[in-house]
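Visitor: Hello! I am new to protein structures and would like a close look at one part of this one.

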Amino acid sequence: MLVSRFMQQRLGTSSAIRQAFEKAEQLKKAHGADSVFDFSIGNPSAPCPAGVRAALEDTARNTAPELHGYMDSSGYADVRSTIAASLARRFDTPYKASDIVMTTGAASAINALMQTVLDPEDEVIAFLPCYPAYRVFVENWGARLVEVPFDEETMLPDLAAFERALTPRTKMVIVNTPNNPSGLVYPAAAADGIAGALFRAQRAFGHPILLLSDEPYRDLVYDGAQNPWWPTIYRNTAVVYSFSKSASIAGERIGYAALTPEMADRDALLAGIRHSFGDIGFVNAPATAQRMAAACADETVDIAYYDRNRRMLTSALANAGFDVVAGNGAFYLLFAAPEGDEQLLLDRLATKRIVAVGGSDFGAPGYVRLSYCLPPEAVSRALPLFAQVAKEYGLSAQSPSAEPEPAAPAQPAPFTVLFAS
């Protein structure tokens with residue numbers, strides 16, 4: 001058979017997110033798009049920032065070949081300068097253009113970093129619940145993913161379990177906050193705990209450990225939550241960013257990797273990322289999309305658009321009797337399946353033409369994830385259907401509050417600076 005054994009195995013375990021998305025598309029063809037409520041995939045619907053249109057109009061006015069040809073594999077110097085200046089201004093970190101590599105979205109940046117850092121049998125740690133593609137990315141490079149469980153009460157990282165998971169083979173730790181799938185922002189205590197454990201592990205094992213911060217939802221935070229800025233907490237940090245969500249341009253595949261200026265082996269890492277692009281086949285990030293990124297360096301979608309959806313859903317689900325994880329970031333939430341049977345809940349939702357994704361794929365069995373990046377009017381029309389499903393379970397409805405407010409995790413004191421050398 002022409003298909004490799006590795007790919008045959010992969011095809012047998014295809015993404016639950018993609019499967020749900022494809023199911024929703026089939027239902028739309030059969031019943032009409034307005035009759036289907038697709039909460040499966042993080043496909044943004046908020047209007048793009050003005051900078052996206054400006055960049056496209058500028059490109060359309062000037063079709064000179066040099067604007068569409070190859071460039072330095074790191075990306076356009078002026079684009080990287082714009083992004084570095086934005087990061088330096090917003091996060092008080094002295095980035096320069098040379099610290100930034102433009103990438104075809106976050107996934108290519110993650111894989112390029114993994115190819116650069118990982119040897120076979122190395123270990124990469126991720127905190128559950130997490131994006132399921134991390135496992136595939138790690139296995140692409142012959143390494144092993146080590147999953148750290150979450151605290152059952154908070155769904156935040158179990159710091160004691162993390163400390164135990166660190167070994168001499170640990171080369172990389174992935175953090176993702178705001179988190180997909182929970183929508184939770186890691187508070188200062190969690191971030192400081194992770195950084196402190198890494199600092200101790202580096203000293204004990206005698207080699208640097210890379211913290212890879214996957215940040216596609218960094219700018220989507222609510223209720224005054226403060227997302228960690230890892231480079232000021234832990235020196236050996238590579239920030240991976242995507243404009244997919246913050247600028248509603250997921251299909252354009254544009255993002256970047258930013259390496260902390262004082263981190264270990266920075267120059268070799270940058271060279272490795274650039275070299276990896278040729279190996280993987282990306283060559284360089286798309287030219288026009290880079291111009292969009294530069295135009296959106298300080299712009300985002302109107303987060304009130306998603307916050308309205310978050311509040312509607314969190315309140316309606318809780319009032320219907322469901323147990324909801326009240327997130328304060330991204331555009332995802334988890335709610336518990338009655339009696340822990342997530343497949344039954346998915347099936348019951350499907351009878352109402354609501355498509356969602358089971359939590360097992362993210363390492364959160366017994367939960368269902370909703371991606372609430374639909375238009376607000378679609379979310380509003382779906383709310384009575386969730387209530388109908390709750391009645392089928394016999395859940396006790398609560399009286400709706402006059403002004404629903406999801407409970408956000410309290411934000412502790414400012415982050416501790418723990419530079420790890």
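Which residues of helix 6 (residues 133–140) are buried?

Guide: Happy to help! Please keep in mind that this is a predicted model. In helix 6, the buried residues are Ala133, Tyr134, Val136, Phe137 and Val138. You may wonder what lies over them. Their cover includes two helices, helix 1 (5–11) and helix 5 (105–117), together with strand 3 (123–127), strand 4 (144–148), strand 5 (170–175) and strand 6 (210–214). Follow the chain just past the end of helix 6 and you meet Gly142, whose phi is positive, at about 75 degrees.

Now let us pick up strand 6, one of the elements covering those buried residues. The loop that runs between strand 6 and strand 7 (237–242) holds Glu215. Is Glu215 buried or exposed? Its relative accessible area is 1%, and buried means under 20%, so Glu215 counts as buried. The side chain of Glu215 makes a polar contact of 2.5 Å with the side chain of Ser213. Leaving aside residues up to four places away in sequence, Glu215 also touches Trp229, Trp230, Val239, Val240 and Tyr241.

For another view of packing, turn to helix 12 (residues 304–320) and helix 14 (residues 376–393), whose axes come within 9 Å and cross at roughly 10 degrees. Because of that angle, helix 12 is roughly parallel to helix 14. Helix 12 brings residues including Tyr305, Met312 and Leu317 to the contact, and helix 14 brings residues including Pro376, Leu383 and Phe386. Sorted by kind, the contact residues are twelve nonpolar, two polar and one charged.

How values were computed: Residues numbered from 1 in each chain as written. Predicted model: local features only at pLDDT ≥ 70, side-chain atom pairs only at ≥ 80, totals over all residues. Heavy atoms only, no water. Axes fitted to C-alpha atoms, helices over the stretch in contact; angles between N-to-C directions. Helix = DSSP H or I, 4+ residues; strand = E, 2+ residues; numbered from the N terminus. Parallel < 35°, antiparallel > 145°, perpendicular 65-115°, else oblique. Contact = heavy atoms within 4.5 Å. Nonpolar A, V, L, I, M, F, W, Y, C, P; charged D, E, K, R; others polar. Buried < 20%, exposed > 50% of the residue type's maximum accessible area, 1.4 Å probe, protein only. Polar contact = N/O pair within 3.5 Å; in protein donor to acceptor, adjacent residues only side chain to side chain.
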